[in-house]
Amino acid sequence: MGKNRFKFRAWDKIGKVMYEGIPGNGAGKNGHDTIDIILKFPQIYNLMQSADVYADNVLVYEGDYLTDGSTIWEVVYCETMSGFSAKAVGGDIGDGCRWFSLYHLCNRHNKGRKVCVVGNVFEYQGILQELLKKYPYETEFMGRSSL
């Protein structure tokens, strides 16, 4: 496990604010709500854990939307895959390819395409197809020649 595995952030449902750096930094208006308070009040906070991978130099958290300009994935915890995975939720999903290894996706094992974080399930409430426009389609085959 990496050093970012136990980093968290919290979405304040009432204030519509994302608090980063938990457990080190507090949440709430006064910054005093610690992780134990956040866990006690799920009606106020949604807690998200770091997936300990980076997409375009941004730390990925549970609930983030990722895209390569073609497909949109939501980062979710999947018991079947024993960890955080990418679930295709929009764009070009393809036949039978709804789930993807988050680690492999963020390390360009999806036909060499770079992915980036374009939103998350709490802050972005728009049409998922609109997220594709935020990121240009890029294909880079990691230095391998195509045969």
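**Stop 1: the four-stranded sheet**

Start by selecting strands β1 to β4, which form an open sheet in the order β2-β1-β3-β4, paired in the antiparallel sense. At its edges you will find β2, residues 17-22, and β4, residues 58-61, each pairing on one side only. Look along the sheet and follow the twist, which averages 35° from one strand to the next. Keep in mind as you go that this is a predicted model.

As a reminder for this stop and a later one, strands of a sheet pair through backbone hydrogen bonds, either parallel or antiparallel.

Now zoom in on β1, residues 8-12, and its partner β2: the two are antiparallel and share four bridges. Show Trp11 and Met18 as sticks; Met18, in β2, is the bridge partner of Trp11.

Next, step off the end of β1 and select Lys13, which sits in the loop between β1 and β2. Is Lys13 buried or partly exposed? With a relative accessible area of 30%, Lys13 is partly exposed, because buried would require a value under 20%. Draw a distance from its C-alpha atom to that of Asn46: the two are 33 residues apart along the chain, yet the separation is 7.4 Å.

**Stop 2: β3, β4 and the loop between them**

Select β3, residues 45-55, and pick out Asp52 within that strand. The backbone is worth a look here, since Asp52 has a phi near 65°, a positive value in a residue other than glycine. Asp52 counts as partly exposed, at 21% relative accessibility.

Move on to Asn57, in the loop between β3 and β4. What is the phi of Asn57? The value is positive, about 65°, although Asn57 is not a glycine. Colour by accessibility and Asn57 shows up as exposed, because its relative accessibility of 71% lies over the 50% cut-off.

Continue into β4 and select Val60. Here the relative accessibility is 0%, so Val60 counts as buried. Add Ser50 to the selection: the C-alpha atoms of Val60 and Ser50 are separated by 6.0 Å, with their positions 10 residues apart along the chain.

**Stop 3: the five-stranded sheet**

Clear the view and select β5 to β9. These strands make an open sheet in the order β8-β7-β6-β5-β9, with antiparallel pairing. Which strands stand at the edges? They are β8 and β9, the latter covering residues 116-120; each has a single partner strand, so one side of each is left without a neighbour in the sheet. The twist in this sheet averages 40° from one strand to the next.

Now focus on β6, residues 71-78, and β7, residues 83-91, which are antiparallel and joined by eight bridges. Two facing pairs make good landmarks. Tyr77 stands opposite Phe84 in β7, and Val76 stands opposite Ser85 in that strand. Follow the chain round the turn: β6 and β7 form a hairpin with four residues between them, and Ser82 in that turn has a positive phi of about 55°.

On to the next neighbour, β8, residues 99-101, which pairs with β7 in the antiparallel sense over three bridges. Select Ala86 and Phe100 to see one contact between them: Phe100, in β8, is the bridge partner of Ala86.

**Stop 4: the cysteines**

Select Cys78 and Cys116. Cys78 is buried, with a relative accessible area of 10%, and Cys116 is buried too, at 8% relative accessibility. How many disulfides does the structure hold? The number is zero.

**Stop 5: the largest pocket**

Turn on a surface and look for the largest pocket, whose volume is about 220 Å³. Its lining has 13 residues, and those nearest the centre are Thr71, Asp92, Cys97, Lys111 and Arg113. Colour the lining by class and you should get five nonpolar, four polar and four charged residues.

**Last stop: the whole chain**

Zoom out and switch to a cartoon. The protein chain has three helices and nine strands. Trace them from the N terminus and the elements run β-β-α-β-β-β-β-β-β-α-β-α. To finish, colour all 147 residues by burial: 41% of them count as buried.

How values were computed. Residues numbered from 1 in each chain as written. Predicted model: local features only at pLDDT ≥ 70, side-chain atom pairs only at ≥ 80, totals over all residues. Heavy atoms only, no water. Pairing = 2+ DSSP bridges. Axes fitted to C-alpha atoms, helices over the stretch in contact; angles between N-to-C directions. Disulfide = S-S within 2.5 Å. Buried < 20%, exposed > 50% of the residue type's maximum accessible area, 1.4 Å probe, protein only. 1 Å grid on protein atoms, 1.4 Å probe; cavity = no way out; pocket = protein on both sides within 12 Å on 5 of 7 lines; lining within 4 Å. Points joined across faces, edges and corners; volume = space filled by probe spheres on them. Nonpolar A, V, L, I, M, F, W, Y, C, P; charged D, E, K, R; others polar.
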